[in-house]
Amino acid sequence: MSRIVLVSNRVNDQSKSTHSGGLSVVIASILQSQPSIWFGWNGAVSEIDDIDPHLTGVSIGNTLIASLPLMESEFRDYYLGYSNSVLWPVFHDRLDLAQFENGYYSEYRNVNRRFADELHSLLRPDDIVWVHDYHLIPMALELRKLGISNRLGFFLHTSVPPAQSYLAIPEHRELSRALSAYDLIGLQTQYDVSNLIDIFKHSAAGQLLSNGRISVYGRQVKVLSIPVGIDVNYFNLGPHFDTENEPDDIQHRIVGIDRLDYTKGLPQKFRAFGRFLEQNPDYRAHITLSQIAQPTRETLEAYSDIRSELESLSGSINGQYSELGWVPITYINRGVDRQELQRIYSQSNVGLVTPLRDGMNLVCKEYVASQNPDSPGVLILSQFAGAAEQLTDALIVNPYNIDEVAHAIKCALEMPLKERRHRHELLYEKVKRGNSAQWCQTFISALVADGDFYPPHELHKLPTGDQLPLGSMSLAI
Ligand code: ADP
């Protein structure tokens, strides 16, 4: 059987189970089910000569976890620099936050080259290589330069910006060329697919062929929408809590779970909740918004700015509306483990998921899967989350429109049980059908189609991801 080689920016300790990341389960499931390699950065940052900068490997069952540290300059210019201060903001259409600094791109290429050199020594001719996310766009090109002709697939977990924004990246041609070295590029939505086709046209004179592939730099690349899913059973099988028997006066609980990132629309969310309180005084003292925002990339200015803005906004809304024994916004600056997460989702009448731009957003799917079908909560979802393309039975809102979101909160709280159940049933069906194992199977099938690297009759053997030991991979860290 061919090995699956997963390559991601970050490889985590498989023994920990408390980190965020729905993908960790499916990664763990692939790793368990067949011979595989998981390759990437081990999270350590070292001075040259401090520790061995080369690869170390740990075998767990059939799996080789192969990882390496980053040097300090690589961490600064490849990770914080090009990946998270150029590609992340531009891919989320925030050109205003992009920092096109000298030196970032060359270090980005150097790290990809170094990773490719190290991975090359481990590869066999029939390995299927699946590279994840924006940190590693040039991996395939670097591997091809080393003579690798294996199937190489890439999945971008972020959104794809409109071509005009992408063209602002000084190195856009090099990136397009690097993308052309893959056999398959998987994206979250149809909207992303159409943006990438446009990008290839404008940045690399790419042409859409009648077989659906794109001809670019002399190669034919498949570009498909393969939306990421979650491990539905983990969230669905947890205990359902009865919100009607709360010991205090709080009858309505709204939950927000996000990484603390400027793409997540948190200030707009707080303002919308403030507007709701202003317009609906009867709800005061009976409703809370619990926002759990896990800090990431804290050394970057854009992230410390958003943190200060949120502290001041929640403070001012709480200052304005709090009463003795009641605070409207509970704002928590840390992550919670998955069990706790499931409990919070299932205890909340409203899931408020309002990013300004998001590749997919798994939180909204986790919220749906955690609801009690007899008395489910209501999902309010931004039209700019990739998930909105699938979850059309949520209350879809424009997160920039504060009045609209405030109104949606009221509609959600007052929605009749029959409608809540009906919407939930439709949403749950979609979340279940597009679960994480399905996502994985679809990607690998598409990658190996037209080739015999992976026998199709083996595909059904990929596990469902249910109840497997958790890893801790969060790709967007
Ligand atoms: P992103 O990939 O941008 O972080 P997602 O909505 O796709 O956004 O979330 C990825 C995963 O991280 C989800 O499984 C979610 O449960 C988890 N997560 C996000 N924020 C938190 C948090 N504050 N605490 C714990 N887990 C979190």
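**Exercise 1. Place helix α15 against the sheet.**

Helix α15 (residues 436-448) lies across β1, β5 (128-132), β6 (152-155), β7 and β10 (219-225). The model is predicted: local features need pLDDT of at least 70, side-chain atom pairs count only at pLDDT 80 or more, and totals for chains, interfaces and linings use all residues. Residues are numbered from 1 along each chain as its sequence is written, and side-chain values use heavy atoms, with hydrogens and water left out.

Find the angle that α15 makes with β5, then the strand order of the sheet.

Step 1. α15 runs at about 125° to β5. Axes are lines fitted to C-alpha atoms, for helices over the stretch in contact; angles run from 0 to 180 degrees between N-to-C directions. Helices (H or I, at least four residues) and strands (E, at least two) are DSSP runs, numbered from the N terminus.

Step 2. The open sheet has 10 strands, ordered β3-β4-β2-β1-β5-β6-β7-β10-β9-β8, with mixed pairing. Two strands pair if DSSP finds at least two bridges between them.

Step 3. β3 (56-60) and β8 (207-208) each have a single partner strand, so one side of each lacks a neighbour in the sheet.

Step 4. β8 and β9 (residues 214-216) run antiparallel, joined by 2 bridges. Leu 208 has Ile 214 as its bridge partner in β9.

**Exercise 2. Describe the surroundings of Thr 189.**

Where does Thr 189 lie, and is Thr 189 buried or exposed?

Step 1. Thr 189 sits in the loop between β7 (184-187) and α7 (190-204).

Step 2. Its relative accessible area is 4%, so Thr 189 is buried. The cut-offs are under 20% for buried, over 50% for exposed, and partly exposed in between (1.4 Å probe, protein chains only).

Step 3. Leaving aside neighbours within four places in sequence, Thr 189 is in contact with Ser 225, Gly 359, Gly 386 and Glu 389. Contact means heavy atoms within 4.5 Å.

**Exercise 3. Examine a salt bridge in α4.**

Which residue forms a salt bridge with Glu 142?

Step 1. The partner is Lys 145, with the closest N and O atoms 3.7 Å apart. A salt bridge needs a side-chain nitrogen of Lys or Arg within 4 Å of a carboxyl oxygen of Asp or Glu.

Step 2. Both residues lie in helix α4 (residues 139-145), 3 residues apart, about one turn of the helix.

Step 3. Glu 142 is buried at 4% relative accessibility. Lys 145 is exposed at 55%.
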